Amino acid sequence: MPLPDPRKRNPIILPDGTPHAGTVMLSQVLDHPNIQAGDYSYASDFQVPENWAQHLAPYLFPGARERLLIGRFCQIAHGVRFITSSANHAQDGLSCYPFPVFDPAQMAGYQPDTRDTVIGNDVWIGYGALILPGARIGDGAIIGAGAVVRGSIPPYAIVTGNPGAVQSFRFPKPQIARLLSLKWWDWPAELLTRAEPALLAGDLDMLETLAPD
């Protein structure tokens, strides 16, 4: 089966032949200098936004000093929001009130938190999850519906709850190490097409036989 075209805005074609408008390849719709999304990563939403960047990362304003980085083959469900670092208020004073943002002379240089938010490859973020400023989610992780995620999430962890906590891992540690060494998400398209049966069947041995030298 051929891979979806990462350059196609709407990669899912419904049985009647029409494209599913609510599912988009992120690299084709995120027109924002502070957001980078890898090939094949997609988002789905029941109410199609006019501006996907603003919809997913509503606090990532023009001129912000942080970035939202999303890897390849990520899957982002309806209602997911990335609350990026621009949303944070300073906490080291006597008040959290952001006085400088109301003064044009001070606004441009005022941002208490500048951490990037980084999402790895092959990450599934479930319905309504909230990703907080500076979160770093490892490759292959699953973020459960409604989870509120902060800090660093290990590769292939399954995270649920508020606050989000690691409940388990998708695979044993030796298998995770093998997957991370393969980095299959970086393989060329023709090799990924051959690897699809192994990926779907969970056959790591088969996947390793296909790995490029």
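**View A. I143 and its partner across strands 11 and 14**. In this predicted model, I143 stands opposite V159 of strand 14, strands being DSSP runs of E with at least two residues and helices DSSP runs of H or I with at least four, both numbered from the N terminus. Strand 11 (residues 142-143) and strand 14 (residues 157-160) pair in the parallel sense over 2 bridges, where pairing requires that DSSP finds at least two bridges between two strands.

**View B. The open sheet of 7 strands**. The strand order is 1-3-5-8-11-14-15, with mixed pairing. Strand 1 (23-25) and strand 15 stand at the edges with a single partner strand each, so one side of each has no neighbour in the sheet.

**View C. The two sides of helix 4 (residues 173-182)**. I176, L179 and L182 are buried (under 20% relative accessible area, with exposed over 50% and partly exposed in between, for a 1.4 Å probe and protein chains only). Seen down the helix axis, the buried residues fall within an arc of 125 degrees, taken from the directions from the axis to the C-beta atoms, so they line one face of helix 4. K173, P174 and S181 are exposed on the other side. Strand 15 (165-169) and helix 6 (204-210) are among the elements covering the buried residues, contact meaning heavy atoms within 4.5 Å.

**Notes.** Residues are numbered from 1 along each chain as its sequence is written, and side-chain values use heavy atoms, with hydrogens and water left out. Local features need pLDDT of at least 70 and side-chain atom pairs count only at pLDDT 80 or more, whereas totals for chains, interfaces and linings use all residues.
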